Amino acid sequence: MLAMRETPGIFKSLIGAILGALAAWGLRVLFAPMLGDRLPFITFFPMIFVVAWWGGFRPTLFATILSVLLLSYFILEPKYSFSIEMVEYRFGLGIFAAVALAAGWLGEKLRAAHRALQMAAENAIGKHDQLSLNVAHRQRAEEDLSFLAHASSTLAVLADRESALQQAVQLPIPYLADWCVIYVIDEHGAIDYHAHAHRDRAKEPLLARMLTTSPLDWTSNTATVRSLRTGQSQLMPELPKAFLDGIAQNDEHRAAIRELGPKAVISVPLKIRERIIGVLGLVSSSCSRPYTEHEVRVAESLAERISTAVENARLFHAVKEANRQKDEFLAMLAHELRNPLAAIRYAIALGQMSPGEPVGELFEIIDRQTQNLAHLIDDLLDVSRISRGKVSLQKEQIDLATIVNRAVAAARPILEQKGHELVIVVAQEPMPVYVDPTRAEQIVANLLTNAAKYTRDGGRVTVHASRADGEAIIKVTDTGIGLPPEMLSRVFDLFAQADRTLDRSEGGLGIGLTVARKLAEMHGGSISADSDGIGKGSTFTVRLPLSEVPAVRKRTATPAFPAGDQRKLRILVVDDSRDTATSCALLLTVSGHEVETAHDGLEALQRARHFKPQALFLDLGLPGMNGYDVARTLRQEGFEQELIVAISGYGQTEDRKRSREAGFDHHLVKPVDRAALMSVLENIGDTEPVAS
């Protein structure tokens, strides 16, 4: 198909018309000897058709006008005059003009049709090209989706980080890269080469040697380091020889780079919740595999899947580790609970076998093991309350020496039992701290108990208290089993213990140090552990902020509770456990009181109305009507001056608050020490309710 020329302008149309008219006239003159006066229009008709085809209507109009003038003046008789005498010439000239104008109009229409056809053809070609492009894009998109789906399914089944990274580096080959490298940021913040793969198996050893012997650092100008620094993907579609020589660290490195022949590179950061953990490097070593933004987007999608797989593997490992720690904790809990229970049962069995023998030592065993059970339960409750933020600190100004003395007094029984030498070094200068005294004492006592348990009998435990740089510092040092280096960062983790063997005799649930650390942090302080290794002892250092206001040192003394000088009281003991109610009643009866018991809420109300007790020891978890409702009802019925004491296994802050609101005078937590029972009976005349 001939290409359609543009429509000529006025000047070009005029020139074309003139040339056409002159050409037709010249040919007419040339053929005049043969034609004579016959067929005067014979050369002008073809010229008009050619001009109409060439330029359309406008040049045809100009050519028609010029042709009429030439014919009238030079060719038609009489010549050299515009006056035409012969009718047939006039008629022929009119036909010529009409045919010429019609040819021009048809030529214009032909040109328009030709233009429309050409535009349609161009549009068809464009649509075909676009359709071909869309098909290619769709095919590439389907290939990308298939590749990413395969990557997702491959990574999803991997349960550990190493497998995920080793498998991930194989995925882009050969679809996205000729070779691939994954770097990670290690725990020290250094860039660590972790995994690699090459399309050509023969070149993998060379690649591995290059990556191992030429490690990256943060000063390198490579795309990998830039991606790690910025957190953005890096595309280098070309790698000039000068650039490759510039990043080479030595001649061996330069030779390896040249042999591997990288031509383009894409580096994409591996992120977990905006935290950069590493980088995925894709390298093309062929000019037939150009890298564009499209490949970058696919690489970013792959990097997201790799990061997710690594994070899932970490979480899976964390869950497995937590499950393992839970199993170990439950085993330890069963062990620790069975030990005191076994001792108690042995003591009871021995007492039953020897009814006439002295039982004082047996009672001491039962009392000591019961205290151990209570301590285990307290530790469990403490770590639970602290973890859930349920512990509120009752801070006051106190000297650090007072806290140390109280903690030593609390831990002295276990230190003496193990035969340890206790060394106390406390600076004489004031060391005021603004803390909760009970909780601060618990921090130091837990460290002392830990030192006593993990030091062989006859060892030495040293407590050193001083001040430095605006902090109160307490160091508890022992000559015990020590800590391996890997335990120093984990010793404060929940349930973590250095010794998990079956023959462990130190006891404990591995949560005392966790409680101590959390309490120290709640006071704005910290705890750290140090050890020279196994068998070389340990040092635990507590740091608490000093207060600006001096505190007065106090010496603690164990309160004495008189056992035999209370007046005789009427006491009602209410507990749904008959053994607990009976044993408590016997204890109070031996102490000289008149005691009755009840085992549910309604029975408690009936006995209280008839017995008129002066004191009630009331369990909270009663069937039928709970202890709160019983106390509230008794207060409403006129028991206003009587002492009502809550005795329950529930001892959290909200439980104590609720018991105060119900009208209880005291709140004791099971198991209750005899001295605590006798102490609340001393306050029989108090009218203000107090939660103990």
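# Exercises on a predicted model

In this structure, β3 and strand β4 (residues 264–272) are paired in the antiparallel sense over three bridges. The model is a predicted one. The protein chain contains 20 helices and 17 strands. Of its 692 residues, 42% count as buried.

## Exercise 1. Strand order in a sheet

Establish the order in which the five strands of the open sheet are arranged, and identify its edge strands.

*Solution.*

Step 1. Begin with the pair introduced above, in which Q234 has S267 in β4 as its bridge partner.

Step 2. Proceed from β4 to β5, with which β4 pairs in the antiparallel sense over nine bridges.

Step 3. Proceed from β5 to β1: this pairing is also antiparallel and comprises six bridges. Within it, C180 has L282 in β5 as its bridge partner.

Step 4. With β2 added, the order reads β2-β1-β5-β4-β3, and the pairing is antiparallel. The edge strands are β2 (191–198) and β3 (234–236), each of which pairs on one side only. On average, neighbouring strands in this sheet are turned by 15 degrees against each other, direction ignored.

Step 5. As background, the strands of a sheet pair through backbone hydrogen bonds, in either a parallel or an antiparallel manner.

## Exercise 2. The hairpin of β4 and β5

Determine how many residues lie between β4 and β5 in their hairpin, and which residue in the turn has a positive phi.

*Solution.*

Step 1. Locate the ends of the strands at the turn: I272 stands opposite R275 in β5.

Step 2. Two residues lie between the strands of this hairpin. The turn residue R273 has a positive phi of about 50 degrees.

Step 3. Examine the covering of the second strand. Eight of the 10 residues of β5 are buried, and the strand is thus described as mostly covered.

## Exercise 3. Helices associated with the sheet

Identify the strands against which the buried residues of α8 pack, and describe how helix α6 lies relative to β1 and β2.

*Solution.*

Step 1. List the buried residues of helix α8 (residues 223–230): A223, T224, V225, S227 and L228.

Step 2. Trace their packing partners, which are β1, β2, β3, β4 and β5 (275–284).

Step 3. Inspect the residue following α8: G231 has a positive phi, near 75 degrees.

Step 4. Turn to helix α6 (residues 161–168), which lies across β1 (179–185) and β2. The direction of α6 is at about 50 degrees to β2.

## Exercise 4. Two helix pairs

Describe the packing of α1 with α4 and of α17 with α18, and state which residues of each helix meet.

*Solution.*

Step 1. For α1 and helix α4 (residues 57–75), the axes come within 8 Å and cross at roughly 35 degrees. This crossing of α1 and α4 is right-handed.

Step 2. From α1, the residues I10, S13, L14, A17, I18, A21, W25 and R28 take part; from α4, their counterparts are R58, P59, F62, A63, L66, S67, L70, F74 and I75. Sorted by class, the contact of α1 with α4 has 13 nonpolar, two polar and two charged residues.

Step 3. The spacing of such residues may be read against a general rule: an α-helix has 3.6 residues a turn, so residues three or four places apart point the same way.

Step 4. For helix α17 (residues 601–611) and helix α18 (residues 627–636), the angle is about 25 degrees and the axes are 9 Å apart. Angles under 35 degrees count as roughly parallel; α17 and α18 are therefore roughly parallel to each other. α17 passes α18 in a right-handed crossing.

Step 5. In this second pair, G601, A604, L605, A608 and R609 of α17 meet V630, T633 and L634 of α18. By class, five residues in the contact of α17 with α18 are nonpolar, two are polar and one is charged.

## Exercise 5. Buried or exposed?

Classify S13 and V157 as buried or exposed, and describe the surroundings of each.

*Solution.*

Step 1. S13 belongs to helix α1 (residues 10–30). Its relative accessibility is 0%, and S13 therefore counts as buried.

Step 2. Leaving aside residues up to four places away in sequence, S13 touches P8, R58, P59 and F62.

Step 3. V157 is in the loop between α5 (87–156) and α6. Exposed means over 50% relative accessible area; because V157 has 65% relative accessibility, it counts as exposed.

Step 4. V157 and A309 are 152 residues apart along the chain, and their C-alpha atoms are separated by 8.8 Å.

Step 5. For the protein chain, among contacts between residues at least 6 apart in sequence, 68% join residues at least 24 apart.

Conventions:
Residues are numbered from 1 along each chain as its sequence is written. This is a predicted model: local features need pLDDT of at least 70, side-chain atom pairs count only at pLDDT 80 or more; totals for chains, interfaces and linings use all residues. Side-chain values use heavy atoms; hydrogens and water are left out. Two strands pair if DSSP finds at least two bridges between them. Helices (H or I, at least four residues) and strands (E, at least two) are DSSP runs, numbered from the N terminus. Axes are lines fitted to C-alpha atoms, for helices over the stretch in contact, and angles run from 0 to 180 degrees between N-to-C directions. Contact means heavy atoms within 4.5 Å. Angles under 35 degrees count as roughly parallel, over 145 as roughly antiparallel, 65 to 115 as roughly perpendicular and the rest as oblique. A crossing is left-handed if the near helix is turned anticlockwise from the far one by less than a right angle, and right-handed if clockwise. Ala, Val, Leu, Ile, Met, Phe, Trp, Tyr, Cys and Pro count as nonpolar, Asp, Glu, Lys and Arg as charged, and the others, Gly among them, as polar. Buried means under 20% relative accessible area, exposed over 50%, partly exposed in between (1.4 Å probe, protein chains only).
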